[in-house]
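Welcome! Please open the structure in your viewer and keep the selection tool at hand, and we will walk through it together.

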Amino acid sequence: MTGFLFELTFLLAAPVWLLLIVAPAWRITERVAASPLTVLPLLAVWAVLAAPVLPELWAAVSSPDIDTFRELTALANGAAAVWAQILAWDLLLGQWMYREARRLSLSPFLMAPLLVLTILLSPIALPLFLAIRAWKTRRTART
């Protein structure tokens, strides 16, 4: 069951990512990207995964240290819950990046690889996007 829920988290996020990357100009994409509700299915899966390991999860977040976190992620439900949480936050981040890119008229050909990178390694994608956003904002302010 845990393996299925682990895989389900990506399957729940994938349609939103697909819209952001492949169909950025569609009106429905703009509406979907504007809604924080897109992460609710992921958070529902998180809750199912987190419930059996709630004591370990609480220990890991209330008094964080590497060993406690390692113990949490050594549990199948613990690792899968962390994964669901990461996917939910990455999706919110991707939606924000999409909306900012649209506001700044950034090319979808620039944003598509950045959004894919956000899915894979958001700690690299976000600083890149922030640098592009700052550059575009300064450039627009000059004209």
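Here is a tour in a few stops, from the whole chain down to single residues.

**The whole chain**

Begin with everything shown as a cartoon, and keep in mind that this is a predicted model. You should find seven helices and zero strands in the protein chain, so the pattern along the sequence reads α-α-α-α-α-α-α. Along the principal axes, the C-alpha atoms fill a box of roughly 55 × 30 × 20 Å. Of the 143 residues in the protein chain, 34% are buried. Among contacts with a separation of 6 or more, 69% join residues 24 or more positions apart.

**Helix 1 beside helix 6**

Next, select residues 2-22 for helix 1 and 76-103 for helix 6. Their axes come within 9 Å and cross at roughly 5°. Helix 1 and helix 6 are therefore roughly parallel to each other. Try showing side chains where the two meet: from helix 1 the contacts include Phe6, Phe10, Trp17 and Leu20, and from helix 6 they include Trp83, Leu87, Leu91 and Tyr98.

**Helix 3 against helix 6**

Keep helix 6 on screen and add residues 40-50, which form helix 3. How are helix 3 and helix 6 oriented, roughly parallel or roughly antiparallel? They pack at an angle of about 165°, with their axes 8 Å apart. That makes helix 3 roughly antiparallel to helix 6, and helix 3 passes helix 6 in a left-handed crossing. At this meeting, helix 3 brings residues including Leu43, Trp46 and Val48, while helix 6 brings residues including Ala81, Gln85 and Ala88.

Now colour the buried residues of helix 3, which are Leu42, Val45, Leu49 and Ala50. They cover an arc of only 130° around the axis, which puts them on the same side of helix 3. These buried residues pack against helix 1, helix 4 (54-62) and helix 6.

**The largest nonpolar core**

Hide those colours and select Trp17, Leu20, Leu91, Met111, Leu115 and Phe129. Of the 20 residues in the largest nonpolar core, these touch the most other members. Helix 1, helix 6 and helix 7 (108-142) are the elements that give two or more residues to this core. Helix 6 gives the most, with six residues.

Zoom in on Leu115. Which residues does Leu115 touch, not counting those up to four places away in sequence? They are Trp17, Leu20, Ile21, Gly94 and Met97. Apart from this core lies another, of 12 residues, and you can find it by selecting Leu5, Leu72, Ala80 and Ala84, which are among its members.

**Two single residues to finish**

Select Thr68, in helix 5 (residues 66-74). Is Thr68 buried or exposed? Its relative accessibility is 18%, so Thr68 counts as buried, the cut-off for buried being under 20%. Leaving aside neighbours within four places in sequence, Thr68 is in contact with Ala59, Ala60 and Ser63.

Last, pick Pro36, in the loop between helix 2 (27-33) and helix 3. Pro36 has a relative accessibility of 51% and therefore counts as exposed, since exposed begins over 50%. For a final distance, draw a line between the C-alpha atoms of Pro36 and Phe129: these residues are 93 residues apart along the chain, and the two atoms are separated by 20 Å.

How values were computed
Residues numbered from 1 in each chain as written. Predicted model: local features only at pLDDT ≥ 70, side-chain atom pairs only at ≥ 80, totals over all residues. Heavy atoms only, no water. Buried < 20%, exposed > 50% of the residue type's maximum accessible area, 1.4 Å probe, protein only. Helix = DSSP H or I, 4+ residues; strand = E, 2+ residues; numbered from the N terminus. Arc of directions from axis to C-beta. Contact = heavy atoms within 4.5 Å. Core = buried A, V, L, I, M, F, W, Y, C linked by side-chain atoms within 4.5 Å. Axes fitted to C-alpha atoms, helices over the stretch in contact; angles between N-to-C directions. Parallel < 35°, antiparallel > 145°, perpendicular 65-115°, else oblique. Left-handed = near helix turned anticlockwise from the far one by under 90°.
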